[in-house]
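Colleague: Could you take me slowly through a single part of this model, namely its paired strands and the side chains packed around them? I am in my first year, so please explain each term as it comes up.

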Amino acid sequence: MKKITLILCLSMASTFVFSQDVLVKVSPFHFLDGTIYATYERALNNNNSFALSGGYRLSDNGDEYGWMGELQLRKYVFKPTINSSSESSLAGVYVGLYGNGKYFVETYTNHFHYNDVYTEHNYEYDVKQIEGGVLMGIQILFSEKLSLDFFAGGGLRSSEFDHKPINLEFYSPERGYTGIVPKIGFDIGVSF
């Protein structure tokens, strides 16, 4: 019975992953921040789709790290002439809603200089974020396989700290900032 259940689960998963209207994308801008960030987008009915994203950040020789996850719900409104030949429902101009959560462990170094004695102390603190907002973008498919996704939008972010250093201040769009934040970027992907 366990083998039959396993075979059924694997066949359903392969149907889910390798269906016609599926994109797997990566965000090149996130590499600049020491983060690998990938997105899985799947078409639903009526020109709707959902995109599930996840990432992991590792920098400063492993002293700073964190994870992030995001869910987007998209509605494709129309296909511009640049993409009118594509039959995929994941091509065109879209509007959407997004929500994400992030967790980071950061290090703050405080420098002291007193009577020609120089010392520094490292403080580690946690940042937890939750964010939601709206976005608009265009996704272009080339040869029905390669995708470019350009988007812009913004939302409201709330950040919470554990053990925040007293004299550390954050300004938009830093990780510890609470307030209205922009969301701009692009992804490169392939279609399955």
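Modeller: What follows goes from the reliability of the model to its strands, then to its core and its charged pairs.

This is a predicted model, in which local features need pLDDT of at least 70 and side-chain atom pairs count only at pLDDT 80 or more, while totals for chains, interfaces and linings use all residues. Residues are numbered from 1 along each chain as its sequence is written, and side-chain values use heavy atoms, with hydrogens and water left out.

The term pLDDT stands for the predictor's confidence in each residue, on a scale from 0 to 100. The protein chain has an average pLDDT of 84, and 83% of the residues score at least 70. Over residues 8-13, however, the pLDDT is below 50, and this stretch has zero contacts in the model beyond near neighbours in sequence, a contact being heavy atoms within 4.5 Å. Where pLDDT is low, the predicted coordinates should not be read in detail.

Now to the strands, which are DSSP runs of E with at least two residues, numbered from the N terminus; two of them pair if DSSP finds at least two bridges between them. Strand S3 (residues 48-59) pairs with strand S4 (residues 64-78) in the antiparallel sense over 12 bridges, and within this pairing Leu 52 stands opposite Leu 71 of S4. The two strands form a hairpin with four residues between them, and Asp 60 in the turn has a positive phi of about 50°. S4 is in turn joined to S5 by 13 bridges, again running antiparallel, with Tyr 65 opposite Val 105 in S5.

S5 then runs antiparallel to S6, the two being joined by 23 bridges, and Asn 100 stands opposite Glu 131 in S6. Their hairpin has two residues between the strands, and here Asn 115 takes a positive phi near 50°. S6 is also joined to strand S7 (residues 146-162), antiparallel, by 17 bridges, where Gly 132 has Leu 156 in S7 as its bridge partner.

Around these strands, the largest nonpolar core has 10 residues, among them Leu 23, Tyr 76, Leu 90 and Phe 151. Such a core is a set of buried Ala, Val, Leu, Ile, Met, Phe, Trp, Tyr and Cys residues joined through side-chain atoms within 4.5 Å, where buried means under 20% relative accessible area, exposed over 50% and partly exposed in between, using a 1.4 Å probe and protein chains only. Leaving aside its neighbours within four places in sequence, Leu 90 is in contact with residues including Leu 23, Ala 43, Tyr 76 and Gln 139.

Finally, there are the charged pairs. Side chains of opposite charge can pair when their charged atoms come close. A salt bridge is counted when a side-chain nitrogen of Lys or Arg lies within 4 Å of a carboxyl oxygen of Asp or Glu, and a search of the whole structure finds 10 of them. In one, the closest N and O atoms of Lys 25 and Glu 41 are 2.8 Å apart; this pair links strand S1 (residues 22-26) to strand S2 (residues 35-43), and both residues are buried. Arg 57 meets Asp 33 in another, at 3.3 Å from N to O. Arg 57 counts as buried because its relative accessible area is 5%, whereas Asp 33 counts as partly exposed because its relative accessibility is 30%.
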